[in-house]
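Me: Could you take one part of this model and examine it closely, working outward to the rest of the chain where that helps? I would like one connected account, with the cut-offs stated as you go.

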Amino acid sequence: MIDKLTQAYDFLKRNGPVLPIRVSKIVGTNIMMASALLSQLVAEKKIRITYGNIGSSPLYYVGGQEALLQDRLGYQLSGKKKEAYDLLKDKKVLQDSILAPPIRIALRELKDFAVPIDVTLNEKLERYWRWYLISNEQV
């Protein structure tokens, strides 16, 4: 019989990103045990965990499922976070120093979607933000 760790990993590969409650139902255990299984898989670097939460729970996913985070986390954003998310998603790269302070703060909180890039131009360090689905080379 497949052990619970393998069961959880296989479920994530097929259905990620998911909440721990879904994993608990699949592997037939309580949410605390499911969270422990997921933590072990994160520690083994087999899966990843989001910074953002749905309710009080993060999402767990397998590498390669990053694009699905937009559907699972992006929709719940509001206010300045939603504004920063939409701007970065549209423009793909933003220069931190020219953004309004509330957008700059929001980008720092959008760790699942906004990747900081520090660049030295004319001996001055500049911070840019790139959309998480594009590479530094594409920037």
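Reply: The protein carries 21 positive and 15 negative side chains, and the centres of these two sets lie 5 Å apart; Lys and Arg count as positive and Asp and Glu as negative, while His and the chain ends are not counted, and each charge is placed at NZ of Lys, CZ of Arg, CG of Asp or CD of Glu. This is a predicted model, in which local features need pLDDT of at least 70 and side-chain atom pairs count only at pLDDT 80 or more, whereas totals for chains, interfaces and linings use all residues. Residues are numbered from 1 along each chain as its sequence is written, and side-chain values use heavy atoms, with hydrogens and water left out.

As a setting for the close look, the protein has 6 helices and 5 strands, which follow one another along the sequence as α-α-α-β-β-α-α-β-α-β-β; helices (H or I, at least four residues) and strands (E, at least two) are DSSP runs numbered from the N terminus. The C-alpha trace spans about 60 × 30 × 20 Å along its principal axes. Of the 139 residues, 36% count as buried, where buried means under 20% relative accessible area, exposed over 50%, and partly exposed in between, with a 1.4 Å probe and protein chains only.

The part I have chosen is helix α5, residues 79-91. Its 13 residues should span 18 Å at 1.5 Å a residue, and the end C-alpha atoms are indeed 18 Å apart, which agrees; the expected span is 1.5 Å times one less than the number of residues. Which residues of α5 are buried? They are Ala84, Tyr85 and Leu88, and because they cover an arc of only 100° around the axis, they sit on the same side of α5, the arc being that of the directions from the helix axis to the C-beta atoms. Gly79, Asp90 and Lys91, on the other side of α5, are exposed. The cover over the buried residues of α5 includes α4 (69-72), β3 (93-95), α6 (101-109), β4 (114-121) and β5 (124-131), judged by contact, that is, heavy atoms within 4.5 Å.

The end of the helix deserves attention as well. Just after α5 comes Lys92, in the loop between α5 and β3, with a positive phi near 75° although this residue is not a glycine. Lys92 counts as partly exposed, because its relative accessibility is 32%. Most residues other than glycine have a negative phi, and most peptide bonds are trans. A further positive phi outside glycine, of about 65°, belongs to Glu123, in the loop between β4 and β5; Glu123 is exposed, with a relative accessible area of 80%.

Helix α2 (residues 20-27) can be read alongside α5, with Pro20, Val23, Ser24 and Val27 buried. Seen down the axis of α2, these fall within an arc of 105°, so they line one face of the helix, and they pack against α1 (4-15), α3 (31-43) and β2 (57-61). Gly28, whose phi is positive, near 70°, follows α2. In the loop between α1 and α2 lies Pro17, which is joined to Gly16 by a cis peptide bond with omega of about -10°.
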